[in-house]
Amino acid sequence: MPVKAKKWILAHQFDGVPKDSDLELVEEELPELQDGQILLEAEALSVDPYMRAFASRSLKEGECMMGTQVGKVVESKDPQYPVGTTIVANVGWRTHAILRADQERQGVGGMPTVMPATPAPGLPVSVNLGVLGMPGATAYFGLLELCQPKAGEVVVVSAAAGAVGSLVGQIAKIKGCTVIGYAGTDEKCKWIKEELGFDHAINYKTRDVAESLKEAAPNGVDCYFDNVGGDFLRAVMQQMNKYGRIALCGSISEYNDSIDSPRSGVPTFPMIPNELRMEGFLVSRWLSRWPEAFKEMATWIKEGKLKYRETTTKGFENMREAFYGMLRGDNTGKAVVNV
Ligand SMILES: NC(=O)c1ccc[n+]([C@@H]2O[C@H](COP(=O)([O-])OP(=O)(O)OC[C@H]3O[C@@H](n4cnc5c(N)ncnc54)[C@H](OP(=O)(O)O)[C@@H]3O)[C@@H](O)[C@H]2O)c1
């Protein structure tokens with residue numbers, strides 16, 4: 001029986017804040033399976049900031065929106081992936097996808113098409129898109145490998161109540177650091193301070209970043225995990241200590257800039273007298289080591305040392321709203337869509 005599937009396509013290239021007309025929901029009839037192929041049915045899909053940053057660079061108008069989902073094999077002509085297997089797949093915003101599990105893919109960061117789901121008894125499968133998925137690996141390796149925080153040091157993280165930032169702050173606490181998180185609402189600040197154990201939580205929409213940071217870190221900052229870029233990065237750079245480390249993870253404050261808006265440069269001078277190290281990264285750099293991160297984080301979850309949260313939207317037809325909402329800051333923790 002041919003399957004009627006739904007997918008979201010990039011109808012118009014994003015320019016500035018995304019508009020409803022930029023993404024369109026369409027139906028398609030899928031062909032019969034060929035040998036070696038599987039039919040995947042989505043259970044939960046991820047909406048991530050990189051989609052805003054990379055869609056216009058990687059997709060042509062009319063192509064399926066990029067993204068990762070966790071789903072079940074519902075038909076199979078590949079004995080290695082029998083019906084019922086749960087997998088994480090980079091197949092875009094689709095309810096159903098026909099694919100070969102061994103297919104190479106050169107998407108953002110060259111992520112593979114299919115990855116095994118991490119067994120996590122008692123947790124929803126959507127954790128494969130969050131704490132035990134790409135954002136979890138981002139927090140773990142970006143912080144531990146690039147910032148190399150030591151006990152007693154001061155760590156700052158922006159977008160601190162989001163998927164990556166909420167984990168970065170908690171991992172830094174586990175490593176014995178003093179953690180300062182910036183988020184965009186008082187409710188988010190309350191969550192990261194009272195429930196996640198951050199030492200300071202500051203609403204960057206109501207407080208000046210430079211001024212509030214001088215108060216929270218009178219002796220300066222050793223590590224900055226930057227999810228935001230732009231003015232935020234400039235403000236934190238001025239307060240870095242000698243030999244400070246900055247991990248450039250994302251620059252969400254700039255993703256909605258219009259295509260030809262001028263970019264303001266980051267001042268490099270503070271880097272010289274303070275001998276700072278600043279490094280950008282893609283989490284795919286450590287792809288072969290992701291299971292190591294998931295194993296340790298799953299243990300921390302079980303021990304109650306690491307908490308995660310998901311902001312869930314119900315319904316594939318609401319993907320666009322979930323995505324735009326995440327860009328606006330509607331989510332606390334990981335933004336996911338349950339089909
Ligand atoms: N390098 C990599 O391999 C890699 C991998 C994954 C993610 N990332 C990057 O990491 C960052 C966080 O990603 P995520 O998945 O964890 O997203 P997220 O934090 O769960 O969601 C995005 C959050 O960004 C905040 N935000 C939006 N506009 C902002 C602005 N102008 N200034 C400050 N904050 C703003 C919003 O929270 P508020 O309410 O706090 O404003 C929003 O909830 C993004 O920049 C993303 O591109 C990089």
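**Two domains and the ligand between them**

In this predicted model, the centres of domain 1 and domain 2, taken over C-alpha atoms, are separated by 29 Å. The domain assignment places residues 3-117 together with 310-338 in domain 1, and residues 134-284 in domain 2, so that domain 1 is written as two segments of the chain whereas domain 2 is given as one. Where the two meet, 19 residues of domain 1 are in contact with 16 residues of domain 2, and the area that the domains bury between them comes to about 1400 Å², of which 64% is on carbon and sulfur atoms.

The ligand belongs to this same picture of two domains: because both domain 1 and domain 2 give residues to the shell around the ligand, the ligand lies between them. That shell holds 27 residues, and the closest of them are Val164, Lys188, Tyr204, Tyr255 and Asn331. By residue class, the shell divides into 16 nonpolar residues, 10 polar residues and one charged residue.

Turning to secondary structure, at least two residues of the shell come from each of helix 2 (134-147), helix 3 (163-174), helix 7 (252-255) and helix 9 (319-328). Helix 7 gives the most to the shell, with three residues.

At the level of individual atoms, oxygen atoms of the ligand are paired with polar atoms of the protein. A polar side-chain atom of Tyr204 lies 2.5 Å from a ligand oxygen, and a polar side-chain atom of Asn331 lies 2.6 Å from an oxygen atom of the ligand. With Gly184 the partner is instead a polar backbone atom, which is 2.8 Å from a ligand oxygen. Taken alone, the ligand exposes 920 Å², and the protein buries 90% of that area.

Key: Residues numbered from 1 in each chain as written. Predicted model: local features only at pLDDT ≥ 70, side-chain atom pairs only at ≥ 80, totals over all residues. Heavy atoms only, no water. Near = heavy atom within 4 Å. Polar contact = N/O pair within 3.5 Å; in protein donor to acceptor, adjacent residues only side chain to side chain. Areas by Shrake-Rupley, 256 points an atom, 1.4 Å probe, with all protein chains shown as cover. Helix = DSSP H or I, 4+ residues; strand = E, 2+ residues; numbered from the N terminus. Nonpolar A, V, L, I, M, F, W, Y, C, P; charged D, E, K, R; others polar. Contact = heavy atoms within 4.5 Å. Buried area = accessible area lost by both parts, 1.4 Å probe.
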